[in-house]
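Subject: Structure handover

Hello,

Here is the structure for your work, with notes on what was found in it. Please read the notes with the coordinates open.

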Amino acid sequence: MSQPQAVREVWRGLDCTRITLPHGDNVRVADFGAQVLSWTARGRERLFLSERAVLDGSAAIRGGVPVCFPQFNQRGPAAGLPKHGFARNLPWQAGALELAGKGARLTLRLCSSAASHARWPEAFALALVLDLQPNSLRISLQVRNQGDTPWAFTGALHSYLAVDDVQQAWLTGLQGQPEWDAVRDAHGQASAQLRFGSEFDRVYTASLAPLVLHYGSETLTISQSPEWAQTVVWNPGAQLCATLADMEREGWRQMLCVEAAQVYTPISVAPGQTWQGWQQLTVG
């Protein structure tokens with residue numbers, strides 16, 4: 001194979017696109033939710049997908065990179081929206097593969113429709129752009145106001161990162177950043193190294209510098225654009241994980257969510273304007 005290729009496939013019942021680079025790195029993204037389900041770099045899977053994830057289109061998928069829009073958790077623009085919004089629960093349209101340097105780019109799109117208007121009345125157009133390069137994956141969310149009046153949203157790229165054992169992993173790069181510990185409802189500042197074992201659910205003011213996830217002999221560099229004001233770090237721990245029907249009992253040990261997010265202050269988008277924010281994952 002001399003150049004990147006994209007193949008349409010049905011994977012575990014989901015319509016997907018799989019992009020493969022000549023040297024072997026690949027990514028799989030589902031039409032359902034435009035959810036990245038797998039990213040292999042240097043011969044290793046870099047994303048966590050629960051063995052018990054619901055993959056029949058009836059519920060959000062536990063793992064990969066869910067797109068949270070138009071709200072993060074229950075912090076959103078309207079009453080009655082589902083947790084993390086509805087974009088991750090609707091089918092998107094995948095476009096054609098584009099060559100980009102040594103890699104490839106794929107764009108998936110979602111526009112407001114009767115299905116979205118049943119939950120939220122605003123007119124919008126979303127694009128999720130995947131830029132796959134050797135050892136690197138950038139995921140960009142573009143949000144366009146297609147209506148006649150301004151509206152606002154919160155959201156996230158809710159990335160589930162794969163680790164060998166989260167209790168042996170640590171995250172650096174957030175030292176000194178304002179921190180809200182949602183488990184204890186306590187405010188403070190991030191330590192130099194974030195370590196994990198029990199339930200961990202914290203929101204940080206985003207750092208301008210990249211974060212680094214250390215696990216075993218591997219490192220993963222995590223960057224996000226300044227358009228996302230916060231970074232969320234989450235692991236359910238053993239006790240909460242045992243209550244999640246779509247997570248295997250020991251699944252919490254193999255994952256850590258590091259999310260580019262907008263949690264506190266909604267982003268306002270004027271008619272005809274487009275907002276964009278990205279997260280980039282780089283091995284080594």
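I begin with charge. The protein chain carries 23 positive and 24 negative side chains, and the centres of these two sets are 2 Å apart. Please keep in mind that this is a predicted model.

Overall form

The protein chain contains two helices and 23 strands. Its C-alpha trace extends over about 50 × 45 × 35 Å along the principal axes. The radius of gyration is 18 Å, which agrees with the value near 19 Å that a compact globule of 284 residues would have. Of the 284 residues, 54% are buried. Among contacts with a separation of 6 or more, 63% are between residues 24 or more positions apart. The exposed area of the protein chain is about 11,900 Å², and 47% of this comes from carbon and sulfur atoms.

The sheet β1 to β5

An open sheet is built from five strands in the order β1-β2-β3-β4-β5, with antiparallel pairing. Its edges are β1 (5-11) and β5 (44-45); each has a single partner strand, so one side of each has no neighbour in the sheet. The partner of β1 in the antiparallel sense is β2 (residues 14-20), through seven bridges. Within this pair, Glu9 lies opposite Cys16 in β2.

As background, strands of a sheet pair through backbone hydrogen bonds, in either a parallel or an antiparallel sense.

β15 and its partners

Strand β15 (residues 178-181) is antiparallel to strand β16 (residues 186-189), and four bridges join them. Pro178 has Gln189 in β16 as its bridge partner. The two strands make a hairpin with four residues between them, and Asp185 in the turn has a positive phi of about 50°.

β15 also runs antiparallel to strand β18 (residues 200-205), with three bridges between them. Here Glu179 has Tyr204 in β18 as its bridge partner. Pro178 and Glu179 thus give you one register point for each pairing: Gln189 in β16 for Pro178, and Tyr204 in β18 for Glu179.

Is Asp185 buried or exposed? The cut-off for exposed is over 50% relative accessibility, and Asp185 counts as exposed because its value is 55%. This residue sits in the loop between β15 and β16. Its C-alpha atom is 9.3 Å from that of Arg202, and the two residues are 17 apart along the chain.

β20 and its partners

Strand β20 (residues 218-224) is mostly covered, with five of its seven residues buried. Strand β19 (residues 211-215) pairs with β20 in the antiparallel sense over five bridges. Val212 stands opposite Thr221 in β20. β19 and β20 form a hairpin with two residues between them, and Gly216 in that turn has a positive phi of about 60°.

β20 has an antiparallel pairing with strand β23 (residues 274-283) as well, again over five bridges. Gln224 is matched there with Gln279 in β23 as its bridge partner.

For checking backbone angles, the two turn residues to look up are Asp185, with phi of about 50°, and Gly216, with phi of about 60°.

Regards

Key:
Residues are numbered from 1 along each chain as its sequence is written. This is a predicted model: local features need pLDDT of at least 70, side-chain atom pairs count only at pLDDT 80 or more; totals for chains, interfaces and linings use all residues. Side-chain values use heavy atoms; hydrogens and water are left out. The radius of gyration is taken over C-alpha atoms; the globule rule is 2.2 Å times the number of residues to the power 0.38. Buried means under 20% relative accessible area, exposed over 50%, partly exposed in between (1.4 Å probe, protein chains only). Contact means heavy atoms within 4.5 Å. Accessible areas come from the Shrake-Rupley method with a 1.4 Å probe; for residues, only the protein chains shown count as cover. Lys and Arg count as positive and Asp and Glu as negative; His and the chain ends are not counted. The place of a charge is taken as NZ of Lys, CZ of Arg, CG of Asp or CD of Glu. Two strands pair if DSSP finds at least two bridges between them.
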